[in-house]
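I sat down with this one and kept short notes as I went. Each entry is a thing I looked up and what came back.

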Amino acid sequence: MDFIKRILLILIATVISISAAENKTSIQLPSPETKGKISVEESLAKRRSVRNYQNIPLSIKELSQILWAAQGITAKWGGRTAPSAGATYPLEIYVAVGRVERIEPGLYHYIPSSHELDSVLKGDIRDKLCAACLGQQSVKKAPVIIIIAANFSRTEKRYRERATQYVYIEAGHAGQNIYLQAESLGLGTVAIGAFDENQLKELLKINEQVVYIMPVGKK
Ligand SMILES: Cc1cc2nc3c(=O)[nH]c(=O)nc-3n(C[C@H](O)[C@H](O)[C@H](O)COP(=O)(O)O)c2cc1C
């Protein structure tokens with residue numbers, strides 16, 4: 001009888017682990033490129049805020065490159081594409097996917113260490129995001145919207161009252177990286193600072209505070 005019980009328990013454990021694996025909601029992104037088609041100088045010269053996008057999806061490769069530019073890992077010790085005060089790394093990048101090849105619409109969290117996306121919310125939230133950004137149509141029209149959020153306490157632990165300005169400065173670095181990477185890929189973006197924080201908190205249900213929002217799409 002004990003033997004049968006043990007077999008049954010093993011079977012149940014196997015079924016649970018298989019279904020957990022099937023429900024795995026992480027998406028491995030393709031490796032980023034470190035060589036582009038245009039120079040940094042050309043990207044700087046051509047960069048402009050773009051608020052209208054073609055009605056076509058982004059490829060997973062393009063999204064991967066944009067996320068890497070924002071906060072990707074570039075050093076064995078964990079150094080990233082953007083500088084960070086005392087390497088405290090307070091920024092967390094989220095992406096609202098509307099239309100990206102091979103990725104279901106939803107809200108995802110970018111994990112720099114593994115270059116993966118973790119699913120946070122299922123379904124297209126662009127209309128609601130647009131409303132939280134005071135009805136700005138660039139947010140509704142873009143196939144993806146990058147959300148730069150911050151955990152201020154990580155930087156406050158070391159820099160106390162200097163931390164707030166450091167975190168906002170870092171968001172600026174990440175934002176400019178996204179602008180330049182978008183330009184290099186023939187994509188357009190705009191930095192959005194006008195939004196209702198409470199509405200965003202309600203919608204995204206994330207622990208960090210939203211600092212910047214950047215819709216990205218084909219120019
Ligand atoms: C902190 C900040 C907040 C901004 N907020 C918005 C915004 O809410 N909506 C928008 O369309 N553009 C926004 N912009 C983009 C500016 O309007 C744009 O950078 C400016 O007009 C200069 O144009 P350029 O980026 O093409 O050089 C913001 C830019 C910054 C730096």
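**Overall picture**

I began with burial over the whole chain: of its 219 residues, 44% count as buried. Worth jotting down early: this is a predicted model. I then went through the secondary structure and got eight helices and seven strands. For the contact pattern, I took pairs at least 6 apart in sequence, and 72% of those contacts join residues at least 24 apart. The accessible surface came out at about 11,900 Å², with 54% of that belonging to carbon and sulfur atoms.

**Ligand site**

Next I pulled the residues around the ligand. My list reads R47, R48, S49, R51, Q136, V190, A191, I192, G193, A194 and Y212. By class, this shell splits into five nonpolar, three polar and three charged residues.

Which ligand atoms do the polar side chains of R47, S49 and Q136 reach? For R47, a polar side-chain atom sits 2.8 Å from a ligand oxygen. For S49, an N or O atom of the side chain is 2.5 Å from an oxygen of the ligand. For Q136, I found a polar side-chain atom 2.7 Å from a nitrogen of the ligand. I also checked coverage: on its own the ligand has 630 Å² of accessible area, and the protein covers 55% of that.

**R48**

I stayed with R48, since it turned up in the ligand list. R48 lies in the loop between helix 2 (40–46) and helix 3. Buried or exposed, I wondered about R48? R48 is exposed, at 56% relative accessible area. Leaving out residues up to four places away in sequence, R48 touches Y179, E183 and T189. I looked at E183 separately: R48 and E183 are 135 residues apart in sequence, yet their C-alpha atoms are 8.4 Å apart in space.

**Q71**

Then I went to helix 3, where Q71 is placed. Q71 has 3% relative accessibility, so I logged Q71 as buried. What does the side chain of Q71 make a polar contact with? I found the side chain of R80, at 2.9 Å. Beyond neighbours within four places in sequence, the contacts of Q71 are R80, T81, A82, Y89, L91, I93, Y110, P112 and A174.

**T88**

T88 was next, in the loop between helix 3 (60–71) and strand 2 (91–97). Despite the loop address, T88 counts as buried because its relative accessibility is 13%, and the cut-off for buried is under 20%. A polar atom of the T88 side chain lies 2.8 Å from the backbone oxygen of A85. Setting aside residues up to four places away in sequence, I noted that T88 touches R154, T155, R158 and Y159.

**Helix 8**

I wanted to know which residues of helix 8 are buried. They are L200, L203 and L204. Looking down the axis of helix 8, I saw its buried residues fall within an arc of 80°, so they line one face of the helix. On the face turned away from that buried side I listed the exposed residues N198, K201 and E202.

What do the buried residues of helix 8 pack against? I got strand 3 (106–111), strand 4 (116–122), helix 4, strand 5 (144–150) and strand 7. At the start of helix 8, a side-chain oxygen of D196 comes to within 3.0 Å of the backbone nitrogen of N198. Just after helix 8, K205 takes a positive phi of about 55°.

**Positive phi**

That last item sent me to the phi values. Most residues other than glycine have a negative phi. K205, with phi near 55°, is a positive case that isn't glycine. I placed K205 in the loop between helix 8 (197–204) and strand 7 (209–218). K205 counts as exposed, at 63% relative accessibility.

I also noted L134, a residue other than glycine whose phi is positive, near 55°. Where is L134 found? L134 is in the loop between helix 4 (126–132) and helix 5 (137–141). L134 is exposed too, with a relative accessible area of 58%.

Technical notes: Residues are numbered from 1 along each chain as its sequence is written. This is a predicted model: local features need pLDDT of at least 70, side-chain atom pairs count only at pLDDT 80 or more; totals for chains, interfaces and linings use all residues. Side-chain values use heavy atoms; hydrogens and water are left out. A residue is near a molecule or strand if one of its heavy atoms lies within 4 Å of it. A polar contact is a pair of N or O atoms within 3.5 Å; within protein, one must be able to donate a hydrogen and the other to accept it, and residues adjacent in sequence count only if both atoms are side-chain atoms. Accessible areas come from the Shrake-Rupley method with a 1.4 Å probe; for residues, only the protein chains shown count as cover. Ala, Val, Leu, Ile, Met, Phe, Trp, Tyr, Cys and Pro count as nonpolar, Asp, Glu, Lys and Arg as charged, and the others, Gly among them, as polar. Helices (H or I, at least four residues) and strands (E, at least two) are DSSP runs, numbered from the N terminus. Buried means under 20% relative accessible area, exposed over 50%, partly exposed in between (1.4 Å probe, protein chains only). Contact means heavy atoms within 4.5 Å. The arc is that of the directions from the helix axis to the C-beta atoms.
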